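Me: I am new to reading protein models, and I would like to learn how to go from a single side chain to the wider picture. Could we go through one together?

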Amino acid sequence: MKTFTLPGTEITAPAVVLGLMRIVEKSDEEVRTLVQTALDAGIDFVDHADLYGPPYHGCERRFAEALQLTPSQREALTIQTKCGIRQPGPYFDFSYEHIIESVHGSLEALATDYLDILLLHRPDALVEPDEVARAFDELHAAGKVRHFGVSNHTPGQIELLKRSVRQPLVANQIQLSVTHAPSIASGIAMNMGDLDQSIDRDNGIVDYCRLNDITLQAWSPFQSRFFTGPFLGNPHYEELNKVIDRLAWKYEVPAEAIAVAWLTRHPAQMQVVLGTTTPSRVEAAAKGADVHLARSEWYEMFRAAGHTVP
């Protein structure tokens, strides 16, 4: 498994992350098998959120109950969770009170004394950066959260937080796959007025994160668009799947690995967040971190996914 030191931290991070948003109804044995499969593949980084359940903190609690981590096992894992989405609604809440309450709930549910990384979930339009900074300072000083980041944030939203927040924002988790790639595609079609692809929907987030040592974490790496199903094996992406199948044969890996390899080939040094609860798919996807696509192959997949290379 390809690893790197996560900028702004001491964490040796794998290129693939195990997302655990769908384990609330899994048995202890199913959760243990899923996590052990990931560990065997070199994935020692897990992603949670207070929202994942239901109920709130449900998946965090299921994880802790199933694994019963010893202190040494806990120390060997990187545990990341998120806060900020409230239900019913939904609505977003980056208030000091909610951040503190959510972190305490996550620590209790996860049966741990600290979080390695806390991300602010979808942006709160009513955010008061000074409140976020106050919460982060308190949590960091108490040793309850070691590092902080965001999810689904634009450069401007991150800059606004940075006016008050003293800790480095080390990660930004965004939806990204070969078929859902406006953050990459818009730059390639820069200033092409007749192409919808040229519209910058992400405000240059990929380049911004590279310039500011913020690690991009790609969620839904197999989703065709926004929650519209996977592109692997999807007849609407026949050309793309033909390319993927050919590359999978060439590199002797499953198709999932090629989808991951398209992301990890990017020089931004992204992490890929898996959402599957099927151990065999975790194992298959993890192999992609060690596949280095040729530049021509990366662009061939990009074109086959329906993007334009002017």
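Me: Which backbone oxygen does the side chain of Thr179 reach at 3.1 Å?

Reply: Please keep in mind that this is a predicted model. The side chain of Thr179 reaches the backbone oxygen of Gln223 at that distance, 3.1 Å, and a polar atom of the same side chain also lies 2.8 Å from the backbone oxygen of Ser224.

Me: Where does Thr179 lie along the chain, and is Thr179 buried or exposed?

Reply: Thr179 belongs to the loop between strand S10 (169-175) and helix H7 (182-188). A residue counts as buried when its relative accessible area is under 20%, and Thr179, with a value of 1%, is therefore buried. Leaving aside residues up to four places away in sequence, Thr179 touches several others, including Arg225, Phe231, Tyr237, Leu240 and His307.

Me: How should I read the nonpolar parts, and which residues touch the most other members of the largest nonpolar core?

Reply: The general idea is that, in soluble globular proteins, nonpolar side chains tend to be buried together. Here the largest nonpolar core has 88 residues, and those touching the most other members are Phe63, Leu118, Trp262 and Met301. Helix H10 (residues 255-264) gives the most to this core, with seven residues. Another core, of twelve residues, lies apart from it, and among its members are Leu6, Phe45, Leu119 and Ala171.

Me: What does Met301 touch, not counting residues up to four places away in sequence?

Reply: With those residues set aside, Met301 touches Val178, Leu240, Val243, Ile244, Leu247, Ile258, Trp262 and Leu293.

Me: Now for the strands: why can strand S9 be called largely enclosed by the rest of the structure?

Reply: Look at how many of its residues are buried: in S9 (residues 145-151) this holds for six of the seven, so the strand is largely enclosed by the rest of the structure.

Me: How many bridges join S8 to S9, and how does the chain cross from S8 to S9?

Reply: Strand S8 (residues 115-120) and S9 run parallel and are joined by five bridges, and Leu119 has Gly149 in S9 as its bridge partner. Between these strands the chain passes through helix H5 (residues 129-141), making a right-handed β-α-β crossover.

Me: Which residue in S10 is the bridge partner of Val150?

Reply: That partner is Asn172, and S9 and S10, which run parallel, are joined by three bridges. From S9 the chain goes through helix H6 (residues 155-162) to S10, and this β-α-β crossover is right-handed.

Terms used: Residues are numbered from 1 along each chain as its sequence is written. This is a predicted model: local features need pLDDT of at least 70, side-chain atom pairs count only at pLDDT 80 or more; totals for chains, interfaces and linings use all residues. Side-chain values use heavy atoms; hydrogens and water are left out. A nonpolar core is a set of buried Ala, Val, Leu, Ile, Met, Phe, Trp, Tyr and Cys residues joined through side-chain atoms within 4.5 Å. Buried means under 20% relative accessible area, exposed over 50%, partly exposed in between (1.4 Å probe, protein chains only). Helices (H or I, at least four residues) and strands (E, at least two) are DSSP runs, numbered from the N terminus. Contact means heavy atoms within 4.5 Å. A polar contact is a pair of N or O atoms within 3.5 Å; within protein, one must be able to donate a hydrogen and the other to accept it, and residues adjacent in sequence count only if both atoms are side-chain atoms. Two strands pair if DSSP finds at least two bridges between them. A crossover is right-handed if, with the strands pointing away from the viewer, the path from the first strand over the helix to the second runs clockwise.
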